[in-house]
Amino acid sequence: ITRLSDGKYTIQTSDGKAITVENGTSEDGTNISLKQYTADNSQKFILQANKDGSYSFLTSVSNGLSCL
């Protein structure tokens with residue numbers, strides 16, 4: 001998990017693949033996959049602290065309205 005200069009995060013494997021929102025869509029039920037990191041918005045996430053002490057990763061393509 002890496003914090004980017006814009007304050008968002010990317011989640012990557014050691015071989016350079018990143019969690020990616022398929023087709024860069026904000027539609028509920030969209031598939032998530034591992035693809036080569038391209039720094040596209042579909043590979044950026046917003047980390048949100050929840051009241052119960054847990055965290056959520058919100059998708060950048062949904063402007064933080066959908067989560068993993």
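## A buried glutamine in a loop

Let's start with Q43, which sits in the loop between β4 and β5. Keep in mind as you look around that this is a predicted model. Is Q43 buried or exposed? With a relative accessible area of 2%, Q43 counts as buried, because buried means under 20%.

The surroundings of Q43 are worth a click or two in your viewer. Its side chain comes within reach of the backbone nitrogen of A39, at 3.2 Å. Setting aside neighbours within four places in sequence, Q43 is in contact with Y9, T10, A18, I19, T20, K35, Q36, Y37 and T38.

## Strands β3 and β4

Several of those contacts lead to strand β3, so to speak, the stretch of residues 17-21. Four of the five residues in β3 are buried, leaving the strand mostly covered. Strand β4 covers residues 32-36, and it pairs with β3 in the antiparallel sense over five bridges. For one of the matched positions, look at T20, whose bridge partner in β4 is S33.

## The nonpolar core

Which residues form the largest nonpolar core? There are seven: Y9, I11, I19, V21, F45, F57 and V61. V21 makes a handy entry point for exploring it. Apart from neighbours within four places in sequence, V21 is in contact with T30, N31, I32, S42, F45, T59 and V61.

## A second glutamine, in β5

Now compare another glutamine. Q48 is found in strand β5, residues 45-49. Q48 is partly exposed, with a relative accessible area of 35%, because that value lies between the limits of 20% for buried and 50% for exposed.

The side chains of Q48 and N50 are joined by a polar contact of 3.1 Å. Not counting residues up to four places away in sequence, Q48 touches S54, Y55, S56 and L58. Between the C-alpha atoms of Q48 and L68, which are 20 residues apart along the chain, the separation is 12 Å.

## The chain as a whole

Stepping back, the protein chain has six strands and zero helices, giving the pattern β-β-β-β-β-β along the sequence. Its C-alpha atoms fill a box of roughly 35 × 25 × 20 Å along the principal axes. The radius of gyration is 12 Å, which agrees with the value near 11 Å for a compact globule of 68 residues.

Of the 68 residues, 35% count as buried. The chain exposes about 4,500 Å², and carbon and sulfur atoms supply 46% of that area. Among contacts with a separation of 6 or more, 29% come from residues 24 or more positions apart.

How values were computed
Residues numbered from 1 in each chain as written. Predicted model: local features only at pLDDT ≥ 70, side-chain atom pairs only at ≥ 80, totals over all residues. Heavy atoms only, no water. Buried < 20%, exposed > 50% of the residue type's maximum accessible area, 1.4 Å probe, protein only. Helix = DSSP H or I, 4+ residues; strand = E, 2+ residues; numbered from the N terminus. Pairing = 2+ DSSP bridges. Contact = heavy atoms within 4.5 Å. Polar contact = N/O pair within 3.5 Å; in protein donor to acceptor, adjacent residues only side chain to side chain. Core = buried A, V, L, I, M, F, W, Y, C linked by side-chain atoms within 4.5 Å. Rg over C-alpha atoms; globule rule 2.2 N^0.38 Å. Areas by Shrake-Rupley, 256 points an atom, 1.4 Å probe, with all protein chains shown as cover.
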